[in-house]
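Visitor: Please pick one part of this molecule and show it to me slowly and closely. I am new to this, so plain words would help.

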Amino acid sequence: MNWKSAIQVLDLAPGDRLELTCKACGHLRYLTGKALLERKGAGQLYLDEVEARARCTQRGCNGRMRMAMPTTGEASGFVGGIA
C-alpha cells in the first residue's frame, strides 16, 4: 500500500496540485483537486485509480502517466553528526 492508494479525490483540497508525467514522451501536466472533483464520479476514486486511467494528451502519444504530488515546502539538509 502506498500514498496513492490511501488518498481519495475527496480528500484533496481544491488548490492541491498533482503532477502527471508521461512515461513515454515525458510530457508534464498538472491536475488540481478542483478539476478532479468537477469530473462526474471521480470523487470516490483513489489516486492510484486516477493514475491508472490517466493518458498523455500530446498528439499521437496516449502514453501512461506517472503521478507525483509536488511539495511546496523548503527542503533542508541533514544538520547533525557525531558529537
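**A close look at strand 1 and its cysteine**

Guide: The number of disulfides counted here comes to 0. Keep in mind that this is a predicted model. A disulfide is a covalent bond between the sulfur atoms of two cysteines, and to be counted here, the two sulfur atoms must be within 2.5 Å. Let's start with C22. The closest cysteine sulfur to that of C22 belongs to C61, and because the two are 3.6 Å apart, they are too far from each other for a bond. C56 is in no disulfide either: its nearest cysteine sulfur, in C25, is 3.7 Å away. Both cysteines are nevertheless tucked away from the surface: C22 counts as buried at 4% relative accessibility, and C56 is buried as well, at 7%.

Now widen the view from C22 to the strand that holds it. Strand 1 covers residues 17-22, and its two faces have different surroundings: L18, L20 and C22 lie on the covered face, while R17, E19 and T21 lie on the uncovered one. There is a general pattern to help you read this: in a regular strand, side chains alternate between the two faces of the sheet.

Who are the partners of this strand? One is strand 2, residues 28-32, which pairs with strand 1 in the antiparallel sense over 5 bridges. Across this pairing, L18 stands opposite L31. The two strands make a hairpin with 5 residues between them, and in the turn G26 has a positive phi of about 85°. The other partner is strand 3, residues 65-68, which runs antiparallel to strand 1 and is joined to it by 4 bridges. Here you can find T21 opposite R66.

Next, follow the covered face inwards. The largest nonpolar core has 15 residues, and L18 and L36 touch the most other members. Strand 1, helix 2 and strand 3 are the elements that give two or more residues to this core, with the largest share, 3 residues, coming from strand 1. Look at L18 itself: setting aside neighbours within four places in sequence, its contacts include L12, L31, L36, L47, M67 and P70.

Helix 2 deserves a short visit too. It spans residues 47-53, and E51 sits in it. E51 is buried, with a relative accessible area of 16%, so it falls under the 20% cut-off. Beyond its neighbours within four places in sequence, E51 contacts K4, M65, R66 and M67. You have already met R66, opposite T21.

Finally, step back to the whole chain. From the N terminus on, the elements run β-β-α-α-β, with 2 helices and 3 strands in total. Of the 83 residues, 27% count as buried. Among contacts between residues at least 6 apart in sequence, 61% join residues at least 24 apart. The chain exposes about 6000 Å², and carbon and sulfur atoms supply 50% of that area.

Definitions and conventions. Residues are numbered from 1 along each chain as its sequence is written. This is a predicted model: local features need pLDDT of at least 70, side-chain atom pairs count only at pLDDT 80 or more; totals for chains, interfaces and linings use all residues. Side-chain values use heavy atoms; hydrogens and water are left out. Buried means under 20% relative accessible area, exposed over 50%, partly exposed in between (1.4 Å probe, protein chains only). Contact means heavy atoms within 4.5 Å. Two strands pair if DSSP finds at least two bridges between them. Accessible areas come from the Shrake-Rupley method with a 1.4 Å probe; for residues, only the protein chains shown count as cover. A nonpolar core is a set of buried Ala, Val, Leu, Ile, Met, Phe, Trp, Tyr and Cys residues joined through side-chain atoms within 4.5 Å.
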